[in-house]
Amino acid sequence: MTKKIGLIIGSTRPSRISPSIATWLQQNVAHDSLDIDLIDLADIHLPFLDEAAMPSDNQYELAHTKQWSALIQGYDAFILLFPQYNWGYPAPLKNALDTLYWEWRGKPVSLVSYGGHGGFQAALGMQLVVRGLKMPIMTNNLRIDLKKDALDENGQFKNTDDALAPYAFSAQQLGAEFAHVLAD
């Protein structure tokens with residue numbers, strides 16, 4: 001049976017590079033037993049924590065929260081893709097996680113960070129968040145170091161495949177790890 005992985009694009013900035021990385025990840029993590037869907041938070045338009053009840057109460061009143069909950073419940077595992085902003089992760093990603101609680105619990109997660117130094121500090125902070133949500137962290141987590149010479153004048157990859165080639169083996173290993181962990 002095919003398992004579903006949600007690859008959440010955690011940056012919503014107009015100039016973000018994450019859609020290119022997400023598409024590359026989707027292709028390189030691919031495995032026969034996995035369906036990997038892109039979930040772009042820029043398209044979700046999730047308001048900041050506007051439910052009256054705590055997410056752990058699981059009493060959602062607002063339509064957008066119910067829709068977000070239903071979407072997340074449909075996945076077996078997640079890849080969180082995010083840049084490092086001032087040694088942290090983007091607020092829209094934290095909000096998307098904090099809006100729900102039970103929907104995340106027990107679902108394996110891989111953290112893929114990127115930045116000038118691979119987004120290491122952001123990944124450290126995000127590890128605490130997903131542990132609080134009781135999400136088991138995969139052993140394969142990519143830290144993508146953006147090289148200035150790989151980017152054009154708009155901050156986008158000149159050639160995505162070339163820029164991310166050093167991470168291809170790790171991405172393939174992540175796919176194999178998800179397939180193993182999610183096997184029935």
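1. Let's start with strand E4, which is covered on both of its faces. On one side sit Val-109, Leu-111, Ser-113 and Gly-115, and on the other Ser-110, Val-112 and Tyr-114, every one of them buried. Strand E4 spans residues 109-115, and because seven of its seven residues are buried, the strand is largely enclosed by the rest of the structure. Please keep in mind as you read on that this is a predicted model.

2. Which strands pair with E4? One partner is strand E3 (residues 77-83), joined to E4 by six bridges, with the two strands running parallel. To find this pairing on your screen, look for Ile-79, which stands opposite Ser-110 of E4. Between these two strands the chain passes through helix H4 (residues 91-98), and this β-α-β crossover from E3 to E4 is right-handed. Another partner is strand E5 (residues 143-145), which also runs parallel to E4 and is linked to it by three bridges. Here a good landmark is Tyr-114, whose bridge partner in E5 is Ile-144.

3. Now move to the beginning of the chain. Strand E1 (residues 3-9) and strand E2 (residues 34-40) run parallel and are joined by seven bridges. Going from E1 to E2, the chain crosses through helix H1 (residues 18-28), and this β-α-β crossover is right-handed. Within the pair, Ile-8 stands opposite Ile-39 of E2. Strand E2 also contains Leu-34, which counts as buried at 7% relative accessibility. Leu-34 and Leu-97 are 63 residues apart in sequence, and their C-alpha atoms lie 23 Å apart in space.

4. Next come the charged pairs. How many salt bridges does the structure hold? There are four. As background, side chains of opposite charge can pair when their charged atoms come close. One of the four is formed by the side chains of Lys-4 and Asp-37, at 3.8 Å from N to O. Lys-4 belongs to strand E1 and Asp-37 to strand E2, so this pair ties together parts that are 33 residues apart in sequence. Lys-4 has a relative accessible area of 31%, which makes it partly exposed, and Asp-37 is partly exposed too, at 27%.

5. A second salt bridge is worth a careful look: the side chains of Arg-16 and Asp-40 meet at 2.8 Å, N to O. Arg-16 is in the loop between E1 and H1, while Asp-40 is in strand E2, so the pair ties together parts 24 residues apart in sequence. Are these two residues buried or exposed? Both Arg-16 and Asp-40 are buried. Asp-40 also gives us a distance to helix H1, where Ser-18 is placed. The C-alpha atoms of Ser-18 and Asp-40 are separated by 9.5 Å, although the residues are 22 apart along the chain. Ser-18 counts as buried, with 0% relative accessibility.

6. A further salt bridge joins Lys-147 and Asp-145, whose closest N and O atoms are 2.9 Å apart. Both ends of this pair can be described with numbers: Lys-147 is partly exposed at a relative accessible area of 46%, and Asp-145 is partly exposed at 24%.

7. Where is the largest pocket, and what lines it? Its lining is made of 14 residues, and those nearest its centre are Ser-15, Arg-16, Ile-17, Tyr-114 and Gly-155. You have met two of these names already: Arg-16 in the salt bridge with Asp-40, and Tyr-114 as the bridge partner of Ile-144. The volume of the largest pocket is about 210 Å³. Sorted by class, its lining has six nonpolar, six polar and two charged residues.

8. Finally, two backbone angles deserve a second glance. Most residues other than glycine have a negative phi. Trp-87, however, has a positive phi, near 70°. Trp-87 is found in the loop between E3 and H4, and at 61% relative accessibility it counts as exposed. Lys-134 has a positive phi as well, near 60°. Lys-134 is placed in the loop between helix H5 (120-132) and E5, where it is partly exposed with a relative accessible area of 43%.

Key: Residues numbered from 1 in each chain as written. Predicted model: local features only at pLDDT ≥ 70, side-chain atom pairs only at ≥ 80, totals over all residues. Heavy atoms only, no water. Pairing = 2+ DSSP bridges. Helix = DSSP H or I, 4+ residues; strand = E, 2+ residues; numbered from the N terminus. Right-handed = clockwise from strand over helix to strand, strands pointing away. 1 Å grid on protein atoms, 1.4 Å probe; cavity = no way out; pocket = protein on both sides within 12 Å on 5 of 7 lines; lining within 4 Å. Points joined across faces, edges and corners; volume = space filled by probe spheres on them. Nonpolar A, V, L, I, M, F, W, Y, C, P; charged D, E, K, R; others polar. Buried < 20%, exposed > 50% of the residue type's maximum accessible area, 1.4 Å probe, protein only.
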